[in-house]
Amino acid sequence: MRGLLIVFSGPSGVGKGTVRKEIFDTPNHEFEYSVSATTRSPREGEVDGVDYHFISKEEFEQMIEKGEMLEYAEYVGNYYGTPLKYVNETLDSGKDVFLEIEVKGAEQVKEKAPDGVFIFLTPPDLTELRKRITDRGTDAEDVINERMKTAREEIDMMALYDYAVVNDEIKLASDRVKNIIKSEHFRVDRVMKSYVENLLEK
Ligand code: 5GP
């Protein structure tokens with residue numbers, strides 16, 4: 001049985017990265033993280049191959065040309081994308097794959113793999129969102145404004161998703177996401193598909 005493709009997305013600054021880390025820091029999660037490729041420079045403490053595959057613009061554009069990206073987006077002047085090979089191989093081995101990506105990328109995945117599980121992380125409110133972005137202290141004012149504008153547009157896009165999880169508290173949000181993934185395995189259509197596959201194998 002092929003694994004589930006889990007797409008975790010939401011507006012910029014909502015805390016996707018933090019919730020994702022909380023999810024993966026807990027032992028016994030039964031899904032694999034797909035490390036994205038990006039052309040942005042590593043932030044302090046980020047490790048190549050763990051946080052991102054840090055690659056050049058030329059390398060990234062070559063991967064796009066060769067069809068090696070499941071999805072990609074340009075975000076605040078840099079490319080971000082999901083290498084297709086890892087996702088396919090992991091799903092084929094029967095394991096679930098977890099993507100943490102921005103919303104334009106999620107839209108592309110929805111078109112290519114509509115049977116994925118689409119989870120949207122929402123901020124408690126927009127004021128809180130601006131505070132979080134500013135508190136992070138890594139971005140200039142114009143970048144913050146650009147991120148806020150994008151965030152408002154992104155919230156309108158929630159309709160594309162199967163689940164909306166409020167990020168009021170990291171631990172709570174992380175538990176909600178894990179529960180959603182667990183429940184997805186018990187959906188009748190998935191269980192039936194697995195029964196049918198087993199029958200055909202015999
Ligand atoms: P950051 O630069 O803060 O690490 O990431 C910026 C945004 O890019 C975040 O919203 C993050 O979720 C998103 N992102 C990270 N990896 C990917 C990816 O592979 N594809 C897309 N479309 N977005 C990504």
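This report describes the ligand site and the two largest pockets of a predicted model.

## The ligand and its shell

The ligand is surrounded by 15 residues, of which Ser 36, Arg 40, Tyr 52, Tyr 80 and Glu 102 come nearest. By class, this shell is made up of six charged, five nonpolar and four polar residues, and strand 5 (69–75) and strand 6 (78–83) each contribute at least two residues to it.

Oxygen atoms of the ligand lie close to several polar side-chain atoms: an N or O atom in the side chain of Tyr 52 is 2.5 Å from one, while for Arg 43 the corresponding distance is 3.0 Å, and a polar side-chain atom of Lys 16 likewise lies 3.0 Å from a ligand oxygen. Taken alone the ligand exposes 510 Å², and the protein buries 94% of that area.

## The largest pocket

The space that the ligand takes is the largest pocket, whose volume is about 740 Å³. Its lining comprises 28 residues, and those closest to its centre are Gly 17, Arg 43, Tyr 52, Glu 100 and Arg 136. Two or more lining residues come from each of helix 1 (16–25), strand 5, strand 6 and helix 5 (126–136), with helix 1 giving the most, five residues. The lining divides into 13 charged, eight nonpolar and seven polar residues.

## The second largest pocket

The second largest pocket has a volume of about 420 Å³, and among its 22 lining residues Gly 3, Leu 5, Asp 115, Gly 116 and Arg 190 are the closest to its centre. Helix 3 (84–92) and helix 8 (188–201) are the elements that supply two or more residues to this lining, and the largest share, four residues, comes from helix 3. By class, the lining of this second pocket holds 10 nonpolar, nine charged and three polar residues.

Notes:
Residues are numbered from 1 along each chain as its sequence is written. This is a predicted model: local features need pLDDT of at least 70, side-chain atom pairs count only at pLDDT 80 or more; totals for chains, interfaces and linings use all residues. Side-chain values use heavy atoms; hydrogens and water are left out. A residue is near a molecule or strand if one of its heavy atoms lies within 4 Å of it. A polar contact is a pair of N or O atoms within 3.5 Å; within protein, one must be able to donate a hydrogen and the other to accept it, and residues adjacent in sequence count only if both atoms are side-chain atoms. Accessible areas come from the Shrake-Rupley method with a 1.4 Å probe; for residues, only the protein chains shown count as cover. On a 1 Å grid over the protein atoms alone, a cavity is a set of points where a 1.4 Å probe fits but cannot get out, and a pocket is an open set with protein on both sides within 12 Å along at least five of seven lines; lining residues have an atom within 4 Å of a point. A molecule sits in a cavity or pocket if more than half of its atoms lie within 2 Å of its grid points. Ala, Val, Leu, Ile, Met, Phe, Trp, Tyr, Cys and Pro count as nonpolar, Asp, Glu, Lys and Arg as charged, and the others, Gly among them, as polar. Grid points are joined across faces, edges and corners, and a volume is the space filled by probe spheres set on the points.
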